[in-house]
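Me: I would like a close look at a single part of this model, taken slowly and with its surroundings. Please begin with one residue and work outwards from there.

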2 protein chains.
Amino acid sequence: MEVVQTIAELRARIKTYRRNNDQTVGFVPTMGFLHDGHASLLQKARSQSGLVVLSIFVNPLQFGPGEDFERYPRNEEQDLAVAEAAGVDIVFMPSVDEMYPTPTRTTVSVSEVTTRLCGASRPGHFDGVATVVSKLFHMVQPDQAFFGLKDAQQVAVIEQMVQDLNLPVEIVPCPTLREKDGLAMSSRNVYLSVEERQQALVLSQSLQQAKTFIDNNVSGSFTSEELQRLVSKHIQTAPLAVIDYVEVLSYPTLEPFEHSHSITTLIVALAVKFGKTRLIDNLILQVRK
Amino acid sequence: MEVVQTIAELRARIKTYRRNNDQTVGFVPTMGFLHDGHASLLQKARSQSGLVVLSIFVNPLQFGPGEDFERYPRNEEQDLAVAEAAGVDIVFMPSVDEMYPTPTRTTVSVSEVTTRLCGASRPGHFDGVATVVSKLFHMVQPDQAFFGLKDAQQVAVIEQMVQDLNLPVEIVPCPTLREKDGLAMSSRNVYLSVEERQQALVLSQSLQQAKTFIDNNVSGSFTSEELQRLVSKHIQTAPLAVIDYVEVLSYPTLEPFEHSHSITTLIVALAVKFGKTRLIDNLILQVRK
């Protein structure tokens with residue numbers, strides 16, 4: 001496994017690989033502090049690609065004022081161990097100056113799929129995501145890129161960008177990994193106090209209740225509002241939980257719907273704060289017809 | 001020379017070329033109605049590249065409401081003859097539906113260099129340019145792309161985008177070609193009446209006067225306003241000329257300056273309407289120190 005810090009070195013190594021191999025290049029862009037969720041993306045990339053490239057970069061552009069850019073958790077040593085164990089070939093760990101040597105004047109913006117959920121709660125966030133991911137795609141030029149569905153809206157944004165800008169890369173969405181008790185894996189879980197960590201279980205529980213509600217609903221007939229209320233109500237049983245949003249939308253369009261009759265797949269997506277820590281989770285479900 | 005209409009076919013042909021050759025791919029994106037200015041870009045590409053790709057696409061995204069998208073001149077047969085003569089290998093002529101099968105939700109925007117000149121006169125124009133050029137770059141994946149300096153601000157926008165988004169392409173700016181009497185070559189010249197065509201000579205003449213003024217200015221000391229006034233005054237000798245803008249800026253930053261002491265290279269850029277026809281021209285000059 002090689003660790004490279006500069007774009008020039010990254011490009012040179014990938015170019016050499018391409019010159020000598022006909023196999024594909026798989027890419028997993030991350031912000032580091034890798035957990036088993038990231039590891040599952042790397043393993044997927046390993047199983048499908050000749051060369052596996054991991055990037056670790058906490059991108060200032062996608063953090064708003066007052067968000068947690070400064071304190072976002074970092075652990076280079078552990079990250080390299082996870083990468084090594086997953087069979088990564090190249091780890092790209094650029095500095096902020098390497099990525100943004102001058103203030104960027106170019107922004108990639110995706111509309112529509114960004115109007116709701118985190119797009120509404122975190123103005124500018126997805127511009128920062130789309131811009132940095134397009135930069136990374138131009139550096140790595142991968143055949144496939146692997147993203148976790150815990151960030152379902154991020155996946156929708158990237159897929160829209162790839163389609164609209166004709167980026168020559170296939171996006172591979174991968175399932176959310178969870179702790180044994182159901183909490184979705186996230187680098188931000190480390191922020192939680194013991195009490196917050198315990199109460200944060202309402203997130204995955206509430207999504208499970210939504211699933212049970214749909215499974216038990218023999219007619220397959222319900223409104224998005226019913227589902228939204230059910231989930232919100234359960235989250236509110238945790239005294240420390242402050243709901244940012246709970247939304248039930250059609251998937252993958254991320255558009256509102258009234259009645260289950262009008263859709264085939266839905267997403268229940270939520271963002272909840274525990275103290276200073278904002279967690280997100282979601283469940284994507286087929287609607288019985 | 002091969003003419004292809006679909007992105008899939010374009011990609012397939014370039015991929016085959018890349019697989020069998022180590023030479024570079026040169027790309028000239030145009031809106032067609034090719035004149036000697038375009039031909040000079042194609043010849044430059046031919047002299048530097050193993051494979052020369054020309055695209056012809058009148059991009060609706062870069063035309064504002066009330067602009068000349070509908071009546072923009074087209075002549076496929078003549079374009080193919082110009083391309084053939086210049087030694088083009090692949091002509092890519094997509095339909096609007098091929099380029100935008102669904103309404104695009106992704107926009108590439110460049111700030112700062114777009115605040116003045118055509119960026120101010122034509123809101124949204126450079127978003128349309130940056131977005132379509134990034135799409136074309138993703139399709140062709142050229143080593144070099146050739147652009148004419150008559151559209152100096154467009155070159156600045158593309159160079160900024162390439163730098164900020166780390167696009168793996170080298171931008172090659174090429175000098176403006178002129179008719180014998182000095183008029184900058186443009187597909188839009190065909191719109192001009194005989195009288196307008198005659199009066200349009202004030203554009204290149206006024207730029208020549210600016211050059212003479214600087215050449216004769218032994219101290220090398222002048223203000224941008226002096227130069228701006230000189231140019232505007234000459235343009236106004238043409239009764240049919242309606243000035244959109246005449247600006248004197250530092251180059252390539254396209255920022256205003258007061259005094260020649262503070263800069264090394266300047267651009268005199270102008271946009272002038274004759275009836276419905278809007279023409280642009282510019283001159284880039286070193287300042288004596």
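Reply: The residue to begin with is B:Ser224, which lies in helix α10 of chain B; the coordinates belong to a predicted model, and what follows should be read with that in mind. B:Ser224 counts as buried because its relative accessibility is 11%, under the 20% limit. Leaving aside residues up to four places away in sequence, B:Ser224 touches B:Val248, B:Phe257 and B:Glu258. With B:Phe257 there is also a polar approach, in which a polar atom of the serine side chain lies 2.7 Å from the backbone oxygen of B:Phe257.

Helix α10 (224-235) is in turn one of the elements of chain B against which the buried residues of α9(B) pack, the others being α8 (194-199), β9 (265-274) and β10 (277-286). Helix α9 of chain B covers residues 201-216, and its 16 residues reach 22 Å from first C-alpha to last, close to the 22 Å expected at 1.5 Å a residue. The residues that α9(B) buries are B:Leu201, B:Val202, B:Leu203, B:Ser204, B:Ser206, B:Leu207, B:Ala210 and B:Ile214.

The loop between β8 and β9 of chain B deserves attention for its backbone. In that loop is B:Pro252, and the peptide bond that joins B:Tyr251 to B:Pro252 is cis, with omega about 5°. B:Leu254 has its place in the loop between β8 and β9 of chain B as well, and although B:Leu254 is not a glycine, its phi is positive, at about 55°. B:Leu254 counts as buried because its relative accessibility is 2%. A further positive phi in a residue other than glycine, near 55°, belongs to B:Asn166, which lies in the loop between α7 (152-165) and β7 (170-174) of chain B. With a relative accessibility of 11%, B:Asn166 also counts as buried.

Chain A has a cis peptide bond too, from A:Tyr251 to A:Pro252, with omega near 5°, and A:Pro252 sits in the loop between β8 (241-250) and β9 (265-274) of chain A. Elsewhere in chain A, A:Asp36 lies in helix α2, which covers residues 36-48, and this aspartate is partly exposed, with a relative accessible area of 47%. The C-alpha atoms of A:Asp36 and A:Glu179 are separated by 9.1 Å, while the two residues stand 143 residues apart along the chain. Residues up to four places away in sequence again left out, A:Asp36 touches A:Leu177 and A:Met185.

Moving outwards once more, we come to the interface of the two chains, where 29 residues of chain A are in contact with 29 residues of chain B. Chain A and chain B bury about 2500 Å² between them, of which 44% is on carbon and sulfur atoms. The count of salt bridges between chain A and chain B is 0, whereas 19 residue pairs, both residues at pLDDT 80 or more, are found in polar contact across the interface. On the side of chain A that touches chain B, the elements that give two or more residues are α1 (7-20), β5 (106-110), α6 (125-140) and α7 (152-164). The residues of that side of chain A divide into 10 nonpolar, 13 polar and 6 charged.

Technical notes: Residues are numbered from 1 along each chain as its sequence is written. Chains are lettered from A and ligands numbered from 1 in the order in which they are written. This is a predicted model: local features need pLDDT of at least 70, side-chain atom pairs count only at pLDDT 80 or more; totals for chains, interfaces and linings use all residues. Side-chain values use heavy atoms; hydrogens and water are left out. Helices (H or I, at least four residues) and strands (E, at least two) are DSSP runs, numbered from the N terminus. The expected span of a helix is 1.5 Å times one less than its number of residues. Buried means under 20% relative accessible area, exposed over 50%, partly exposed in between (1.4 Å probe, protein chains only). Contact means heavy atoms within 4.5 Å. Buried area is the accessible area (1.4 Å probe) that two parts lose on being put together, summed over both. A salt bridge is a side-chain nitrogen of Lys or Arg within 4 Å of a carboxyl oxygen of Asp or Glu. A polar contact is a pair of N or O atoms within 3.5 Å; within protein, one must be able to donate a hydrogen and the other to accept it, and residues adjacent in sequence count only if both atoms are side-chain atoms. Ala, Val, Leu, Ile, Met, Phe, Trp, Tyr, Cys and Pro count as nonpolar, Asp, Glu, Lys and Arg as charged, and the others, Gly among them, as polar.
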